[in-house]
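Here is a friendly walk through one protein chain, written for someone who would rather think in residues than in ribbons. Keep the structure open beside you and follow along.

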Amino acid sequence: MLVTATLGLVDINTGQLHLANLEHPYTVLYRGQSASYLEHEPHMFKLGMPYPAGEFQPLTFALRPGDSLLMTSDGRETTLSDCADPDEAFLGVVEECQGDLEQIAETLLERGPMGDDLSLLRVVYHGAAEDQRLNSGAN
């Protein structure tokens with residue numbers, strides 16, 4: 001059995017994101033009420049597939065305070081299968097719903113039948129950990 005995945009690591013002190021996409025639906029960056037995909041092609045093959053020799057390079061990206069990353073299962077594609085471009089349609093749903101996961105799920109389910117599971121995950125970067133402690137008054 002082969003498995004798709006998106007693996008990410010965020011340095012909470014700097015906002016530096018390291019991301020690897022293994023043939024999974026692309027990660028959405030929601031920034032300033034605009035949605036876009038971080039990846040434009042997978043970084044590796046599915047888990048379980050041999051990888052050609054050479055050095056693997058994950059995507060590196062600098063997050064800003066307020067940025068959201070949205071990751072989904074491929075179930076999002078089945079609800080938008082009637083659209084000419086389901087990937088672009090999903091970005092429109094994210095913008096329409098202002099990145100709110102519950103609204104995104106409701107909108108997707110209204111747009112089409114769910115032929116697969118639908119999983120949604122949102123990660124919000126609030127700024128450096130030190131800044132958060134200072135703003136909250138914690139020592």
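What follows covers the strands, the nonpolar cores, the helices and the salt bridges of this predicted model.

**Strands and sheets**

Let us begin with the open sheet, which has 3 strands in the order β1-β2-β5, paired in the antiparallel sense. Its edge strands are β1 (5–10) and β5 (59–62), each of which pairs on one side only. From one strand to the next, the twist averages 20°. Strand β2 covers residues 16–22 and is joined to β1 by 6 bridges, the two running antiparallel. If you want a spot to look at in this pairing, find L9, which stands opposite H18 in β2.

As a reminder, strands of a sheet pair through backbone hydrogen bonds, either parallel or antiparallel.

Now turn to strand β3 (residues 28–31). It pairs with strand β4 (residues 34–37) in the antiparallel sense, over 4 bridges. Within this pairing, R31 has S34 of β4 as its bridge partner. The hairpin of β3 and β4 has 2 residues between the strands, and G32 takes a positive phi near 55° there. Strand β3 is also joined to strand β6 (residues 68–72) by 3 bridges, again antiparallel. On that side, V28 has L70 of β6 as its bridge partner.

**The nonpolar cores**

Which residues touch the most other members of the largest nonpolar core? They are V28, A35, L70, F90, V94, I104 and L108, out of 14 residues in this core. At least two residues of the core come from each of β3, β4, α2 (86–96) and α3 (101–111). Helix α2 gives the largest share, 5 residues. Another core, of 9 residues, lies apart from this one and includes L17, L19, L38 and L63.

F90 is a good residue to click on. Setting aside neighbours within four places in sequence, F90 is in contact with V28, Y37, T72, R76, L80, I104 and L108. Three of these names, V28, I104 and L108, also appear in the list of core residues that touch the most other members.

**Two helices and their surroundings**

In α2, the buried residues are A89, F90, L91, V93 and V94. They pack against β3, β4, β6, α1 and α3. Just after α2 comes Q98, with a positive phi of about 55°.

Helix α3 has I104, T107 and L108 among its residues, and these are buried. Seen down the axis of α3, the buried residues fall within an arc of 100°, so they line one face of the helix. E102 and E110 are exposed on the other side of α3. The cover over the buried residues of α3 includes β6, α1, α2 and β7 (120–124).

**Salt bridges**

How many salt bridges does a search of the whole structure find? The search finds 3, and the table sets them out.

| Pair | Closest N to O distance |
|---|---|
| R31 and D67 | 2.6 Å |
| R76 and D87 | 3.7 Å |
| R111 and E96 | 2.8 Å |

In general, side chains of opposite charge can pair when their charged atoms come close.

Take R31 and D67, whose closest N and O atoms are 2.6 Å apart. This pair links distant parts of the chain: R31 sits in strand β3 and D67 in the loop between β5 and β6, 36 residues apart. Is each partner buried or partly exposed? R31 has a relative accessible area of 22%, so it is partly exposed. D67 counts as buried because its relative accessibility is 2%, and the cut-off for buried is under 20%.

Next come R76 and D87, whose side chains meet at 3.7 Å, N to O. Here R76 belongs to helix α1 (residues 75–79) and D87 to helix α2, 11 residues apart. R76 counts as buried, at 1% relative accessibility, whereas D87 counts as partly exposed, at 30%. R76 is also one of the residues in contact with F90.

Last, R111 and E96 form a salt bridge at 2.8 Å, N to O. The pair links helix α3, where R111 lies, to helix α2, where E96 lies, with their positions 15 residues apart in the chain count. At 40% relative accessibility, R111 counts as partly exposed.

Notes. Residues numbered from 1 in each chain as written. Predicted model: local features only at pLDDT ≥ 70, side-chain atom pairs only at ≥ 80, totals over all residues. Heavy atoms only, no water. Pairing = 2+ DSSP bridges. Axes fitted to C-alpha atoms, helices over the stretch in contact; angles between N-to-C directions. Core = buried A, V, L, I, M, F, W, Y, C linked by side-chain atoms within 4.5 Å. Buried < 20%, exposed > 50% of the residue type's maximum accessible area, 1.4 Å probe, protein only. Contact = heavy atoms within 4.5 Å. Salt bridge = Lys/Arg side-chain N within 4 Å of Asp/Glu carboxyl O. Arc of directions from axis to C-beta.
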